[in-house]
Amino acid sequence: MAASKKSGGHREMLESMYSVIALVFILVACVELCDAAAVVDVYRLIQYDMSGSPFGSRLASLNHHGASLHFPPGADLSRTVLIIPLRELNITFVREYIDQKKPLGGLLFLLPQVFKSENGGNKQIHEIEKLKSMLAELEKLLIHSNIPYPVYFAFENDDIDTVLADIKKNDAIGQPATATTGGYKLVIPTPEPNKVASPTITNIQGWLSGLKADGEANQLPTIAIVASYDTFGAAPALSVGSDSNGSGIVALLEIARLFSLLYSNPKTRGRYNLLFGLTSGGPYNYNGTQKWLRSFDHRLRESIDYAICLNSIGSWDSELWIHVSKPPENAYIKQIFEGFSNVADELDVKVGLKHKKINISNPRVAWEHEQFSRLRVTAATLSELSVAPEMLEGTGGLSDSRQFVNETAIIRGVKLVAESLARHIYGHQGKNVEIFADGSSLAVSPAYVRSWLDLLSRTPRVAPFLSKNDPFIMALKKELADHTDEVNVQNEVLEGLFTFYDSTSARLEIYQVASVTFDLLLLLVLGSYLIVLFSLLVITTRGLDDLISLFRRPPSRKVKTA
């Protein structure tokens, strides 16, 4: 009985010791993770393959110490995330690290709040233009590079500014964050990206039927007004494209609204059909426009008198450009250009003509109207851009946000297009007839333009990440249905050169971690304290002999032989 009681006492002491040891491990494990400094929304650099070649950021998860650009020369950055504010960007340094494949744990670029859609900012125009230029150059570098580590963007705020200030202070005195010195650890616990399977592109088509004269049997001619609505940028979750091509979408919807008022009355309905197309796949050689046009039957395609494509008309001052594929001497091109020029003169703006011949052997499509021209349909693109942007550039990047778009410019663009079309439809070419006069029931609505521009500037629209049932797609369809008849939606698979990957945004957790030296010291103090406490408890409850017996070597067991 006594032996059993003694054995039970030893068991209780051993259980107490195990509990103490477990407590020590828990306390030590919590040392690094107990001091959360900040939690920040971050947006990952796009990841895609083009013709099988990888581009963009190839990783998403992150668990490294943070550092600033003030790190010591020769420092090993293979397990370090460099935090780089845009205003401190050294593009040569970033280009060198990327081009030379130098080891790096990751990159985090901090964008000023002025590039956030809901913030207007109050910086000087010169400073803003400089930042926009730097950001455009950075985007161009990043989207055309294969980067084997995570790259993220975030907006500056008080929390991350405080963290960066501490990191800079430590880097300046030669104590960068490492496993031995402590500092700040940046953690993004996200799974690795997966391919976007069968990405869809959605085209939306609206129709306003013209009025035939009595006894007329021939099909009415058609004028098409088209705008591509999707975007492409370094960070898909931030690519709202307020100007490219949010401005074109807004203009198309307002033009549809204005002509729906005219066509709702048989007395003012024109002898032209109006076809409105909101197309997808714009950054990818206008892939959606191509599929949309090829879905037309022969009669519809033959009936198109001409098409006007709207692209980036939200930040021009006094001049727009009409881009064409047919030579300026062509009778149809002359007619279109003269019609726009006459209205432009009355509005006190300029319209220039740019001719770019199509190279059939080159699959690259610079402007949306070129997809029409390849099918021998007369078309033109109206844009503030005098030269087409390069592939995957200038189609809704990080700096293309609401505060850099002038809604007055969009209103003037709408009036230019609407008046030009109306004079062509109603036979008023060369006449000083104002159909959409300010103050009339047919006036362009600034409130309508503003509301849609605000919505588009809050909606990222990178095609592979927009499903066919996305609320934005449904909103466009409903709006076009309110102003046109026979609205059709065409869903297609984005085919061709591109493969995209998911994981476009995440939450960055920033932890302030102690050095290994501090961890060991704390472990030593805790261990010493717990050993002393345990010894005192054993002595006071069971006596010194029981404490000594815990550490005494047990007698060896030898089998005695006869």
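The residues that line the second largest cavity divide into four nonpolar, seven polar and one charged. This cavity is a good place to begin a walk through the structure, which is a predicted model. About 110 Å³ of space lies inside the second largest cavity. Its lining is made up of Tyr306, Gln335, Ile336, Gly339, Phe340, Asn342, Val343, Ser420, Arg423, His424, Gln429 and Gly430. Two elements, α8 (331-346) and α10, each give two or more residues to this lining. Helix α8 gives the most, with six residues.

The wider setting helps to place these details. The protein chain holds 14 helices and 19 strands. Of its 562 residues, 51% are buried. Among the contacts in the chain with a separation of 6 or more, 83% are accounted for by residues 24 or more positions apart.

The second largest cavity has company, for the count comes to four cavities of 30 Å³ or more. The largest cavity contains about 200 Å³ of space. It is lined by 20 residues, and those closest to its centre are Gly282, Pro283, Tyr286, Asn311 and Thr395. Sorted by class, the lining of the largest cavity has nine nonpolar, seven polar and four charged residues.

Next come the pockets. The largest pocket has a volume of about 610 Å³. There are 26 residues in its lining, and Ala136, Gly394, Gly397, Ser399 and Asp400 lie nearest its centre. By class, the lining of the largest pocket includes nine nonpolar, 10 polar and seven charged residues. Where does the largest pocket lie with respect to domain 1 and domain 2? Domain 1 (38-195 + 504-513) and domain 2 (200-493) both give residues to its lining, so the largest pocket lies between them.

Helix α11 shows how burial can follow the geometry of a helix. In this helix, which spans residues 446-456, the buried residues include Tyr448, Val449, Trp452, Leu453 and Leu456. These residues cover an arc of only 125° around the axis, which puts them on the same side of α11. A general rule makes the pattern easier to read: an α-helix has 3.6 residues a turn, so residues three or four places apart point the same way. The cover over the buried residues of α11 includes α5 (246-263), α10 (407-426) and α12 (471-483).

One of these covering helices, α12, also contains His483. His483 has a relative accessible area of 13%, and it counts as buried because this value is under 20%. Not counting residues up to four places away in sequence, His483 touches Leu208, Leu253, Ala256, Arg257, Ser260 and Tyr448. Tyr448 is itself one of the buried residues of α11. His483 also illustrates how the fold brings together parts of the chain that are well separated in sequence: His483 and Glu254 are 229 residues apart along the chain, yet their C-alpha atoms are separated by 9.3 Å.

A second histidine, His369, can be described in a similar way. His369 lies in helix α9, which covers residues 369-374. Is His369 buried or exposed? With a relative accessible area of 1%, His369 is buried. Leaving out residues up to four places away in sequence, His369 touches Cys309, His323, Val324, Ser325, Ala379, Ala380 and Thr381.

Finally, a few details of the backbone deserve a look. A cis peptide bond joins Ser244 and Asn245, with omega at about 0°. Asn245 is placed in the loop between β11 (222-228) and α5. Two other residues have a positive phi although they are not glycine. One of them is Arg376, whose phi is near 65°. Arg376 is found in the loop between α9 and β16 (379-383). The other is Ser503, with a phi of about 65°. Ser503 sits in the loop between β18 (498-500) and β19 (505-513). Which of the words buried and exposed fits each of these residues? Arg376 counts as exposed, at 78% relative accessibility, whereas Ser503 counts as buried, at 17%.

Terms used:
Residues numbered from 1 in each chain as written. Predicted model: local features only at pLDDT ≥ 70, side-chain atom pairs only at ≥ 80, totals over all residues. Heavy atoms only, no water. 1 Å grid on protein atoms, 1.4 Å probe; cavity = no way out; pocket = protein on both sides within 12 Å on 5 of 7 lines; lining within 4 Å. Points joined across faces, edges and corners; volume = space filled by probe spheres on them. Nonpolar A, V, L, I, M, F, W, Y, C, P; charged D, E, K, R; others polar. Domains from an automatic or database assignment. Buried < 20%, exposed > 50% of the residue type's maximum accessible area, 1.4 Å probe, protein only. Helix = DSSP H or I, 4+ residues; strand = E, 2+ residues; numbered from the N terminus. Arc of directions from axis to C-beta. Contact = heavy atoms within 4.5 Å.
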